[in-house]
Amino acid sequence: MHRNADRPAPRHTSNLQVHRLIGGFCALFGLGCLIALGALFNIAATLDQQAQQTSSFQANQALQQRLLASRQFLSSYAVWDAAYEHLNSQADWQWAYEEKNVGESLYSASGYEGVFVVTDTGTSYALFKGKPSESPATAFIGSDLAPIIAQARKAAPAREQVTHFVRFNDWPAVLSAAAVRPDTDVLDGEVRNAPVMLFVDQLTADKLARLGEGAGLKGMRLEEDSSAKTRQPYIELGDTGFHLAWNSPQPGHQLLWAVLPPLLGVLLLLGLVMLYLFRHALRSSHAIDQSLLRLQQSNQALEASEQRFRAVAEAASDWIWETDRHHRLTYLSQRFAKVTGYRVDEWLGQPLNQLLACDTTPLLPWLDAQVDSDPQQLANLRCAYRDHNGEHRYCRISARSILFDGKLAGFRGTASDITDEVDAHARIQHLSMHDALTGLANRNKLSRHLEQLLLRGSDAPPLALLLLDLDSFKPINDSLGHAAGDAVLQEVATRLRDSTRDGDLVARLGGDEFVLVLQGLDNRSEIDRFCARLIDLLQQPIVFEEHQLHIGASLGIAQSRAQGFDAGELIRCADIALYQAKADGKHTWRYFSPEMSQQIQYRRQLENDLRRAVQQQEFVLHYQPRYRLDDLHIVSVEALLRWQHPQEGLLGPDTFIPLAEQSDLIVALGRWVLLEACRTAQQWPEHLLVSVNLSPAQFLRSDVVADVREVLLETGFPAQRLELEITENVMLNDIEGALGTMLALKELGVRLNMDDFGTGYSSLGYLRTYPFDSIKIDKRFIAGLTNQSGNDRAVVQAIINLGKAMGLTVTAEGVETEQQLRALGKERCHEVQGFYLSRPVDREGFEALLADSGQRHDAS
Ligand code: C2E
Ligand code: CA
Ligand code: CA
């Protein structure tokens, strides 16, 4: 199949050969004709020549015969004794003419036009056409007679005569001359002067015609020498100026005339036939050349397209296949080996469906269906196969039937490797349905799952939807970084998966929110057991690097039996229940109940309002003074946050601080309080301290040290006048981190006050470790100070003594009555704060208090 495409195409081969052949044939034919004609002409010429020779011979014979006859006839007159007697010297006319011995009959009977007797002295006897003539012989005869006479005399003894051709009366004639002598033997001397008899036989047309007839020759005639001599034979007639001519037969010519026309006709016909044949041959050879050329061109085109195909087939990323009509592979491009790892020859002859399989459409029927399909539309099918290494791969095959003479010969097509595409698609599918971090189902998958489960409505098995939120997750994420947060989420995911059954779904909604969909679980006690186990499981510490992380979880539960079969509604209800669980103290679970809805709706609204309020600065600070117990002078003031709500009016911190703590809002809010408190207190007397409450969430979500430093720098407020109130919850969350932060705060020069002292688990322990300047005894103890039991009094006493022992300033808050104040005075508490002395008041109110106290101070 592989031919050199560069080779130049031989053009018009057969035409050229036919041209040559025709040329050769024409030459041969011409040569043959020439040879034949030459031979013919040669034969004709030879025949003519032979006929000429024969006629010449005959003519000569006839002439010689006539001359001989003439001589013999003359001899009968000249060798005659009587003539010798009567014609010697003087001619005897009487004897000769009158007695008709040599008379008129010589002309009339024998045809001699002239009869002369010549002697040395002249003409003694002369007859012209039978009549006596006075004129001498020389008057008629144009030649010199002397040599003739001499010859005649010389021949006489031998009884011979001479003949000559002469002009007579200007026309050629045969002159016979003989010496007149006796019929006896004579000697030369006896006839030396003898008269000579001359007979002139003029060669007239009649005589010549008779002569010709006698010899069998036609057209005997005389022609002047000067006239152009034809190719006809002739005989010279002496110096008469004439020659004898006749029509020599021309058998050659006749032959030519007979043969040539039909021969030429045949040749012409032959030529015409040949011409026709040659033209035909040329035309068909031209046609052959044309079709040869077309064949070559199409061959070249085929070769080029084959090369092109090969180049494309080998360069393409797809592989190309071909089968016979029984679906057995007959061709595989080299690319096949590269993609699949198999050798091409391993698969040739094998049915295509042994290699490829499609799970949705059987391959072979699909191929057969391509026979009737629209050839414009290439059909595709996704097939799977195992490559040489046994790995699962996918390819997209296209197929088209191969028809040969309208009959199915097989199939061919391409196969594009789409393994990467399929894998990517599967990955995307997975990603779109799963949470990348934990591998759990995501919100998408959850809604699909729920939709499917709830499709049958009340016929579907009951399901419980548990919404789970991690407690104390954000602090971990914030303080230890995202790696820790991720580890926690992954561990939680594992624990959740481990505690659910096969048909259940665990999904992560984002952040630290998870959903569990439990099927067939309807009984509350069962659900309770499950939730208790789950919460217990999640409270087990999680080890991250060297840290032991403590988290917990709250759960909100919705049930399809109770809350209906709408997925969105179920999630919403579970969310409300979760909210309630969190509000109720975390690490617990709540079932949705319709009453929750309203409460939570309110909280939700508030949360949104809070977000807006931060932006619109709807907050104000109220101030509650702290008094020295000895002289009840204001030594310090606590800033307490209030929200001037547009609809609800002035709201206390307990209504919104926990909300703010659940998001980053607390950070912005805390900064604002610090700034506002310092800025305001800057205006007040220098001895006055200002206390600002810090929420544990602030410690976890922002860099409190940096915030405080910035506010001090910005306001120029002296650090030693600022006191930060911290509850022991700060220490609970992150013991080491909190210590570091507090030491750093101390380095700024601010004071640290432990708020709500006595309510926590290990307040005393913290006191030894942390750098506090003061403690504030929680108002619960103060409230119980005047109780009969005396229990709280003992606690307050102990706290005051401990504080003093550790060099701390001790404050009692929530002092509402004079008794309480007096009791604290007895215990020698340092400072007091409470409604009995002053409620928290706004700025103007506090400044009025300050002025009033100053007056009192001055007055005392
Ligand atoms: P706290 O730090 O213990 O503040 C004292 C609370 O006791 C204040 O309530 C105050 O009005 C109230 N109080 C004062 N004297 C008496 C009294 O004689 N009897 C009774 N029953 N209560 C008294 P408030 O202003 O509603 O604050 C509640 C809590 O909100 C505060 O408790 C504090 O923990 C928090 N808070 C207030 N302002 C801020 C703030 O700016 N930032 C942060 N993080 N928390 C704040
Ligand atoms: Ca406080
Ligand atoms: Ca307090």
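These are my notebook entries on two calcium sites, a bound ligand and a sheet in a predicted model.

**Entry 1: calcium ion (ligand 2)**

I started with the calcium ion (ligand 2) and listed its protein donors. They are Glu-638 (OE), Asn-693 (OD1), Glu-725 (OE) and Asp-755 (OD), at 2.2 to 2.4 Å. Along the chain I read their spacing as E-x54-N-x31-E-x29-D. I then placed two of these donors in the fold. Asn-693 sits in strand 25 (residues 689-694) and Asp-755 in strand 27 (residues 751-757). The two residues are 62 residues apart, so I noted that the pair links distant parts of the chain. I also checked how open Asn-693 is. It is partly exposed, because its relative accessible area is 28%, above the 20% limit for buried.

**Entry 2: calcium ion (ligand 3)**

Next I took the calcium ion (ligand 3). Its protein donors come from Asp-755 (OD), Asp-756 (OD) and Glu-813 (OE), with Glu-813 (OE) listed twice. They lie 2.2 to 2.7 Å from the ion. The spacing here reads D-D-x56-E.

Which residue coordinates both calcium ions? I found that Asp-755 does, and that the calcium ion (ligand 3) and the calcium ion (ligand 2) are 4.0 Å apart.

Is Asp-755 buried or exposed? It is buried, at a relative accessible area of 8%. Asp-756 follows at 25% relative accessibility and counts as partly exposed. The cut-off matters for this pair, because buried means under 20%.

**Entry 3: strand 27 and its partners**

Asp-755 belongs to strand 27, and I looked at that strand as a whole. Five of its seven residues are buried, so strand 27 is largely enclosed by the rest of the structure.

I then traced its pairing. Strand 26 (residues 722-726) runs parallel to strand 27, and four bridges join them. I noted one bridge by residue: Ile-726 has Met-754 of strand 27 as its partner. Strand 28 (residues 774-777) also pairs with strand 27 in the parallel sense, over three bridges. There I marked Asn-753, which stands opposite Ser-774 in strand 28.

**Entry 4: ligand 1**

I turned to ligand 1 and its surroundings. How many residues surround ligand 1? I have 21 of them. The closest are Gln-624, Arg-642, Asp-755, Glu-816 and Phe-835.

I went through polar side-chain atoms one by one. For Asp-755, such an atom lies 2.9 Å from an oxygen atom of ligand 1. Asp-755 also coordinates both calcium ions. For Glu-813, the distance to an oxygen atom of ligand 1 is 3.5 Å. Glu-813 is a donor of the calcium ion (ligand 3) too. For Glu-816, a polar side-chain atom lies 2.4 Å from a nitrogen atom of ligand 1.

**Entry 5: the five-stranded sheet**

Last, I looked at a sheet elsewhere in the chain. It is open and has five strands, in the order 11-10-14-13-12, with antiparallel pairing. Its edges are strand 11 (329-332) and strand 12 (379-386), each pairing on one side only. The twist averages 30 degrees from one strand to the next.

I checked one edge by residue. Strand 10 (residues 319-324) pairs with strand 11 in the antiparallel sense over three bridges. Glu-322 stands opposite Tyr-331 in strand 11.

I also asked what lies across strands 12, 13 and 14. Helix 14 (residues 419-433) does, across strand 12, strand 13 (392-404) and strand 14 (407-417). Helix 14 runs at about 130 degrees to strand 13.

How values were computed
Residues are numbered from 1 along each chain as its sequence is written. Chains are lettered from A and ligands numbered from 1 in the order in which they are written. This is a predicted model: local features need pLDDT of at least 70, side-chain atom pairs count only at pLDDT 80 or more; totals for chains, interfaces and linings use all residues. Side-chain values use heavy atoms; hydrogens and water are left out. Donors are N, O and S atoms within 2.8 Å of the metal (3.2 Å for Na, K and Ca); water is not among the atoms, so sites may look incomplete. Buried means under 20% relative accessible area, exposed over 50%, partly exposed in between (1.4 Å probe, protein chains only). Two strands pair if DSSP finds at least two bridges between them. Axes are lines fitted to C-alpha atoms, for helices over the stretch in contact, and angles run from 0 to 180 degrees between N-to-C directions. Contact means heavy atoms within 4.5 Å. A residue is near a molecule or strand if one of its heavy atoms lies within 4 Å of it. A polar contact is a pair of N or O atoms within 3.5 Å; within protein, one must be able to donate a hydrogen and the other to accept it, and residues adjacent in sequence count only if both atoms are side-chain atoms.
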